[in-house]
Amino acid sequence: MSLYNFGRVVTTAFVHLIYRFRVEGLENIPEERGFILCSNHISDLDPILVAIRVKPQCYFMAKEELFHIPVLATIVKALGAFPVARGKGDTAAIQHAIQVVNSGHVLAIFPEGTRTKDGKLLKLKSGALVVAAKTGGDILPCVIKKGRRKFLRRTVTVKYGKVIPNEALGLTGTLPSELKQANKLLTDTLTGMLEEIHD
């Protein structure tokens, strides 16, 4: 068993121990091609929450600070994470992300770029859409929402939406006007999915 699959087993048990964990939309997850998973970001556990029910391995962009901690750096690298310098237009990270999708793997991104404090969706950055434009990859929208606490455990729902085909994004390149329109589509999709989740 690979380190990634071992980690999936352990973290799945951990998540079910601390949360009343619900998953919706598993039928929407592609299994035979690379794609870009875009999720909102509400906690440090989000990479685990969005990945444990996705059969293909997810490759995450992770803040570069994690790779400066010796033991942790070894673990996150083994789990397929790669560093990104936030707020610096990290072209190397974007090129690596493009390679992930072109190789038929799953690239997982939190396009808000940071955690939201109140659960409301923040303004999305364009990195995921640039990768989509460069690769022709489809986007799998995903949202995480925490509910009320019941019997000492809080309900957490992960919902996978219907795939947004690359052609629906209208990206013929990385023109700012096209990225803005695609950003609006992704924002509206994630916002609508959050509103559909009820305790």
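Here are a few notes on the salt bridges and one surface patch in this predicted model.

1. Let's start with the overall count: the structure holds six salt bridges. A few of them are worth a look in turn.

2. Arginine 33 and aspartate 138 pair through their side chains, with an N to O distance of 3.2 Å. This salt bridge ties together distant parts of the chain, 105 residues apart: arginine 33 lies in the loop between β1 (19-24) and β2 (35-39), and aspartate 138 in the loop between α5 (127-135) and β6 (139-150). The two ends differ in burial, as arginine 33 is partly exposed at 41% relative accessible area, whereas aspartate 138 is buried at 15%.

3. Next, do look at lysine 159 and glutamate 196, whose side chains form a salt bridge at 3.7 Å, N to O. Here too distant parts of the chain are linked, 37 residues apart, with lysine 159 in strand β7 (residues 153-160) and glutamate 196 in helix α7 (residues 176-196). Lysine 159 is buried, with a relative accessible area of 16%.

4. Helix α7 also holds lysine 184 and aspartate 188, which sit four residues apart and are therefore separated by about one helical turn. Their closest N and O atoms are 2.8 Å apart in a salt bridge. Lysine 184 is partly exposed at 46% relative accessibility, and aspartate 188 is partly exposed at 42%. Elsewhere, salt bridges with shared partners connect Glu24, Lys159 and Glu196 in one network.

5. Finally, a patch without charges: Met1, Leu3, Phe6, Val9, Val10 and Leu79 make a nonpolar surface patch of about 600 Å². One of these residues, valine 9, belongs to helix α1 (residues 3-18).

Definitions and conventions
Residues numbered from 1 in each chain as written. Predicted model: local features only at pLDDT ≥ 70, side-chain atom pairs only at ≥ 80, totals over all residues. Heavy atoms only, no water. Patch = residues over 30% accessible without salt bridge, like charges linked within 9 Å, V, L, I, M, F, W, Y side chains within 5 Å. Areas by Shrake-Rupley, 256 points an atom, 1.4 Å probe, with all protein chains shown as cover. Salt bridge = Lys/Arg side-chain N within 4 Å of Asp/Glu carboxyl O. Helix = DSSP H or I, 4+ residues; strand = E, 2+ residues; numbered from the N terminus. Buried < 20%, exposed > 50% of the residue type's maximum accessible area, 1.4 Å probe, protein only.
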